[in-house]
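Subject: Structure for your review

Hello,

The structure you asked about follows, with the sequence. My notes on what was found in it come after.

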Amino acid sequence: MTPQGEASREDSERQNTDRIRDLAERTRIPSGLALALILKYGNEPNVLDREAAKFRRDAKNGGR
């Protein structure tokens, strides 16, 4: 891989890590779940927030 390609890959990985961390902190969910939600729903903030809220609500209600 060229030095430019390697730098681009590292930037992309850093952005992905930042997205996961941001979602986890913003919605107060584990980072593994944040990653799963991003992989499933893409990077649409409204959808991610809604799905994270569902998870938190289900967890609070004992999974019912």
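**Notes on the model**

N16 has a relative accessible area of 35%, so it ranks as partly exposed. It sits in helix α1. The side chain of N16 makes a polar contact with the side chain of R19, at 2.6 Å. N16 can also be set against N43: the two are 27 residues apart in sequence, and their C-alpha atoms are 9.9 Å apart in space.

Before going further, please keep in mind that this is a predicted model. The mean pLDDT of the protein is 89, and 91% of the residues score at least 70. Among the elements, α2 has the highest mean pLDDT, 95, and α1 the lowest, 88. Where pLDDT is low, the predicted coordinates should not be read in detail.

**The core**

Which residues make up the largest nonpolar core? There are 9 of them: I20, L23, A24, I29, A34, L37, I38, L48 and A52. At least two residues of this core come from each of α1 (3-27), α2 (31-41) and α3 (45-60). In soluble globular proteins, nonpolar side chains tend to be buried together.

Two core members have contacts worth listing. Leaving out residues up to four places away in sequence, A24 touches I29, P30, S31 and A34. With the same residues left out, I38 touches R19, I20, L23 and L48. I38 belongs to helix α2 and counts as buried because its relative accessibility is 15%, under the 20% cut-off. For a distance check on I38, its C-alpha atom and that of D58 are separated by 19 Å, the two residues being 20 apart along the chain.

**Helix α2**

The buried residues in α2 are A34, L37 and I38. These cover an arc of only 100 degrees around the axis, so they lie on the same side of α2. An α-helix has 3.6 residues a turn, so residues three or four places apart point the same way. On the face of α2 turned away from its buried side are the exposed residues L39 and K40. G42, just after α2, takes a positive phi of about 85 degrees.

**Helix α3**

How does the span of α3 compare with what its residue count predicts? At 1.5 Å a residue, its 16 residues should span 22 Å, and the end C-alpha atoms are 22 Å apart, so the two agree.

In α3, V47, L48, E51 and A52 are buried. Seen down the axis of α3, these buried residues fall within an arc of 130 degrees and therefore line one face of the helix. N46 and K60 are exposed and are carried by the face of α3 turned away from its buried side. G62 follows α3 and has a positive phi, near 75 degrees.

**Two buried polar residues**

E51, in helix α3, counts as buried because its relative accessibility is 12%, with the cut-off at 20%. Its side chain makes a polar contact with the side chain of K54, at 3.2 Å. Neighbours within four places in sequence aside, E51 is in contact with L37 and Y41. L37 is itself part of the largest nonpolar core.

T27 is placed in helix α1. At 4% relative accessibility, T27 is also on the buried side of the cut-off. A polar atom of the T27 side chain lies 2.6 Å from the backbone oxygen of L23. Again without neighbours within four places in sequence, T27 is in contact with D49, A52 and R56. Of these, A52 is one of the residues in the largest nonpolar core.

**The loop between α1 and α2**

Is R28 buried or exposed? R28 is exposed, since its relative accessible area is 65% and exposed means over 50%. R28 is found in the loop between α1 and α2. It has a positive phi of about 55 degrees although it is not a glycine.

Regards

Notes: Residues numbered from 1 in each chain as written. Predicted model: local features only at pLDDT ≥ 70, side-chain atom pairs only at ≥ 80, totals over all residues. Heavy atoms only, no water. Core = buried A, V, L, I, M, F, W, Y, C linked by side-chain atoms within 4.5 Å. Buried < 20%, exposed > 50% of the residue type's maximum accessible area, 1.4 Å probe, protein only. Helix = DSSP H or I, 4+ residues; strand = E, 2+ residues; numbered from the N terminus. Contact = heavy atoms within 4.5 Å. Polar contact = N/O pair within 3.5 Å; in protein donor to acceptor, adjacent residues only side chain to side chain. pLDDT = per-residue confidence, 0-100. Expected span 1.5 Å × (residues − 1). Arc of directions from axis to C-beta.
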